[in-house]
Amino acid sequence: IDDFVSEYAEGRTPNPCVRCNSFTKFGDLLRRGREMGVDGIATGHYVRIERSDPRKPALLRGADSNKDQAYFLWGLPKESLPFLHFPLGSMTKEKVRELARERGLTTADKPESQEICFVPTGDYRDLLKSRLEPAHRAFQPGIIVTSAGEKVGEHKGYSSFTVGQRKGLPGGFPEAMFVVEIRPDSREVVVGPRDELWGDEVELRSLNWLGLPPAPGSRVSVQLRHRAPPSQALLVEVGGDKVVLHLSDPRFAVTPGQSGVVFAGDRVLGGGRIHRGSRNRDGGQSK
């Protein structure tokens with residue numbers, strides 16, 4: 001929760017489920033399991049573990065592409081993989097519900113939820129207001145500017161904006177405008193037309209690898225949003241806590257704070273938090 005609040009306070013858009021899986025949920029379950037003397041834990045995530053080499057188990061996408069949750073698990077400690085089991089990973093959601101009905105489970109037809117568990121109102125801004133001082137800069141008025149620096153409006157706090165957002169922006173432009181950047185130091189919200197949001201270069205930080213890091217020059221795929229299709233990419237820089245990838249096709253609204261997950265086919269190699277997205281090679285025109 002603290003991380004979620006601090007990321008929004010810095011103008012970024014976090015994914016708390018990734019953070020929970022990486023640092024809380026699985027670690028706590030494994031510790032509790034070991035206290036109980038068990039050999040592993042099982043969860044209902046739609047991913048698979050491949051164990052052809054018992055010394056190096058691999059995390060794979062779930063068989064049901066509509067429910068695959070590999071995007072949320074890139075931050076798992078690689079040491080945990082031998083002890084994890086995902087029995088639903090090879091099934092479809094429909095098959096799982098069918099099996100649940102056969103067994104009389106009350107959750108068989110339970111509606112799905114995409115809400116954040118620690119935001120009971122459904123509005124993340126309510127949580128921010130309860131955790132940050134009223135005088136915090138995230139709640140203070142600022143200006144809305146174009147990429148060229150022209151002032152086109154004002155806002156009541158940049159915490160209400162995220163990259164790619166269209167709602168709540170000034171009108172009167174010949175084409176739709178979107179949030180392109182948030183500058184917390186100056187409290188500026190930068191807007192521009194859709195074309196300005198296409199990026200073909202991504203920098204990831206706060207990295208985690210489930211095996212050896214891929215070498216520079218590797219051809220991989222990278223997923224930048226949960227529901228987004230993966231993009232083919234060339235890994236051009238790996239060093240310390242930073243990776244830079246060049247995308248074969250530009251992607252829309254590459255959002256700082258979200259996850260970039262690196263794959264080789266269905267295998268999760270690892271991932272990191274998006275630090276920036278830009279267009280440096282071919283102008284980032286949409287295709």
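User: In what order do the four strands of the open sheet lie?
Analyst: This is a predicted model. In it, four strands form an open sheet with mixed pairing. Strands β6 (151-155) and β7 (177-183) are the edge strands, since each pairs on one side only. The order is β6-β5-β8-β7.

User: By how many degrees are neighbouring strands of this sheet turned against each other on average?
Analyst: Strands of a sheet pair through backbone hydrogen bonds, either parallel or antiparallel. The angle here ignores that direction. The average turn between neighbours is 30°.

User: How many bridges join β7 to β8?
Analyst: Strand β8 covers residues 188-193, and β7 and β8 run antiparallel. Two opposite pairs illustrate this: M177 faces P193 in β8, and I182 faces V189 in β8. The number of bridges joining β7 to β8 is six.

User: Which residue in the turn between β7 and β8 has a positive phi?
Analyst: Strands β7 and β8 form a hairpin. Four residues lie between them. The one with a positive phi, about 60°, is R187.

User: Do β5 and β8 run parallel or antiparallel?
Analyst: Strand β5 spans residues 142-146, and three bridges join β5 to β8. One opposite pair is T146 with V191 in β8. The two strands run parallel.

User: Why is β8 described as largely enclosed by the rest of the structure?
Analyst: A residue counts as buried under 20% relative accessible area. Strand β8 has six residues, so the count to check is out of six. The strand is largely enclosed because the number of its residues that are buried is six of the six.

Terms used:
Residues numbered from 1 in each chain as written. Predicted model: local features only at pLDDT ≥ 70, side-chain atom pairs only at ≥ 80, totals over all residues. Heavy atoms only, no water. Pairing = 2+ DSSP bridges. Axes fitted to C-alpha atoms, helices over the stretch in contact; angles between N-to-C directions. Buried < 20%, exposed > 50% of the residue type's maximum accessible area, 1.4 Å probe, protein only.
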